[in-house]
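Me: I would like to go through this model by question and answer. Please keep each reply short and end it on what was asked for.

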Amino acid sequence: MLTSSDQLFALPDGRAISYHLSASPVDGPVVLLSNSLTGPFKAWDRVVPVLSAANFRVLRYNQPGHGASGAPADLASTTFASMADDVYALLLHLNIPKLHAWVGVSMGASTGIYFAAKYPGVVKKLVPCDTISCSPVNLGNDNPFAARVQGMRAAGNMTALIQGTMERWFGTAWIEANPVEAARMRSVMSETTMDGFETCCAALGDTGYDLRPRVEAAGRGCEEALVVVGEKDADLPVTMQELRAGLEKGNGKPVELKVIKNAGHVSFIDGFDQFCEVVVPFLQK
């Protein structure tokens with residue numbers, strides 16, 4: 001779905017990537033915000049004004065099949081490496097040689113790790129939030145993404161999938177207590193196409209998806225890093241310590257892990273205030 005806020009760029013393979021680059025401040029350092037699965041870039045709408053007020057220019061984009069971004073003909077072809085390459089092509093198109101920061105959540109965090117490892121020196125500050133370290137298959141577990149795709153295709157729509165995802169991310173109590181924000185997120189998530197969900201699930205379920213051999217290179221590829229996780233995001237407050245340690249080892253500077261109280265998997269939504277209080281000063285220093 002193309003809206004007035006979207007801009008389109010044709011990637012080298014012909015797919016369109018939709019993005020939005022804030023108009024001001026014109027000379028402000030560029031902060032890229034990278035999204036979760038089923039979270040098109042408008043999910044960040046409340047964060048953008050906070051960054052703009054701090055004199056940052058904000059670049060957002062949509063993964064394959066999210067928002068107005070096209071999905072590949074071969075839905076099995078999307079990988080984290082290919083999504084990192086998509087962003088690099090977009091930066092070249094926009095003549096942005098260096099990002100002040102990459103702030104990514106979930107899939108967007110993993111893409112940032114791949115990007116910083118492959119394109120060292122482009123990202124100054126790397127902020128991965130709420131991400132697993134690899135495909136569950138690599139840990140000997142079943143692939144939960146395949147089952148979700150199967151259920152979506154059987155239903156023929158995204159409705160039940162989006163509701164289940166929201167309950168997993170936020171919990172029913174938060175959804176009931178925050179009806180306006182919950183409705184906004186449901187609307188944003190509905191701009192994910194079924195092909196977009198399937199192709200990104202292919203990346204998440206692929207055995208090639210593994211941050212562990214790349215995280216030290218990602219640390220070397222940036223100047224500073226900060227790891228952020230929602231307190232209620234399953235076991236990630238524990239498991240992301242490994243990511244933090246790897247970034248610190250590669251970077252050579254201390255890397256903190258900040259826990260957002262009472263927040264879940266998309267911590268900039270249900271932990272909005274503390275998320276901004278943690279991330280913005282890190283970007284400003």
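**Fold and pairing**

The secondary structure of this predicted model comes to twelve helices and eight strands. With a radius of gyration of 17 Å, close to the 19 Å that the globule rule gives for 285 residues, the protein is as compact as a globular protein of that length.

Me: What box do the C-alpha atoms of the protein fill, taken along the principal axes?
Reply: The radius of gyration is 17 Å, close to the value from the globule rule. Along the principal axes, the C-alpha atoms fill a box of roughly 50 × 40 × 40 Å.

Me: What share of the contacts with a separation of 6 or more comes from residues 24 or more positions apart?
Reply: Buried residues make up 55% of the 285 residues. For contacts with a separation of 6 or more, the share from residues 24 or more positions apart is 76%.

Me: How far apart do the centres of the positive and negative side chains lie?
Reply: The accessible surface comes to about 11500 Å², and 54% of it belongs to carbon and sulfur atoms. The charged side chains are 24 positive and 29 negative. The distance between the centres of the two sets is 5 Å.

Me: Which residue in strand 6 stands opposite Leu99?
Reply: Strand 5, residues 99-105, has seven of its seven residues buried. Strand 3 (residues 30-34) runs parallel to strand 5 and is joined to it by four bridges, with Val31 opposite Ala101. Strand 5 is also joined to strand 6 (residues 123-129), in parallel, by six bridges. There, the residue opposite Leu99 is Val123.

Me: Which residue in strand 8 stands opposite Val228?
Reply: Strand 6 pairs with strand 7 in the parallel sense over three bridges, and Lys125 has Glu224 as its bridge partner in strand 7. Six of the seven residues of strand 7 (residues 224-230) are buried. Five bridges then join strand 7 to strand 8 (residues 256-260), again in parallel. Opposite Val228 in strand 8 stands Lys258.

**Backbone exceptions**

Me: Which peptide bond is cis, with omega near -5°?
Reply: Most residues other than glycine have a negative phi, and most peptide bonds are trans. The bond in question leads into Pro25, a residue in the loop between strand 2 (16-21) and strand 3. With omega near -5°, the cis bond is the one from Ser24 to Pro25.

Me: Is Thr38 buried or exposed?
Reply: Thr38 is in the loop between strand 3 and helix 1. Its phi is near 60°, a positive value in a residue other than glycine. The relative accessibility of Thr38 is 2%, and the cut-off is under 20%, so Thr38 counts as buried.

Me: What separates the C-alpha atoms of Asn55 and Pro29, in Å?
Reply: Asn55 is found in the loop between helix 1 (47-53) and strand 4 (57-61), with a positive phi of about 70° although it is not a glycine. Leaving aside neighbours within four places in sequence, Asn55 is in contact with Pro25, Gly28 and Pro29. Asn55 and Pro29 are 26 residues apart along the chain, and the separation of their C-alpha atoms is 7.6 Å.

**Two buried helix residues**

Me: Which residues does Glu181 touch, not counting those up to four places away in sequence?
Reply: Glu181 is found in helix 7, residues 179-189. At 10% relative accessibility, Glu181 counts as buried. Not counting residues up to four places away, Glu181 touches Arg46, Trp174 and Ile269.

Me: Why does Val149 count as buried?
Reply: Val149 is in helix 4, residues 144-155. Outside the residues up to four places away in sequence, Val149 touches Phe197, Glu198 and Cys201. Buried means under 20% relative accessible area. Val149 falls under that cut-off because its relative accessibility is 11%.

Me: What distance separates the C-alpha atoms of Val149 and Ser36?
Reply: Val149 and Ser36 are 113 residues apart along the chain. The C-alpha atoms of the two residues are separated by 16 Å.

How values were computed:
Residues are numbered from 1 along each chain as its sequence is written. This is a predicted model: local features need pLDDT of at least 70, side-chain atom pairs count only at pLDDT 80 or more; totals for chains, interfaces and linings use all residues. Side-chain values use heavy atoms; hydrogens and water are left out. The radius of gyration is taken over C-alpha atoms; the globule rule is 2.2 Å times the number of residues to the power 0.38. Buried means under 20% relative accessible area, exposed over 50%, partly exposed in between (1.4 Å probe, protein chains only). Contact means heavy atoms within 4.5 Å. Accessible areas come from the Shrake-Rupley method with a 1.4 Å probe; for residues, only the protein chains shown count as cover. Lys and Arg count as positive and Asp and Glu as negative; His and the chain ends are not counted. The place of a charge is taken as NZ of Lys, CZ of Arg, CG of Asp or CD of Glu. Two strands pair if DSSP finds at least two bridges between them.
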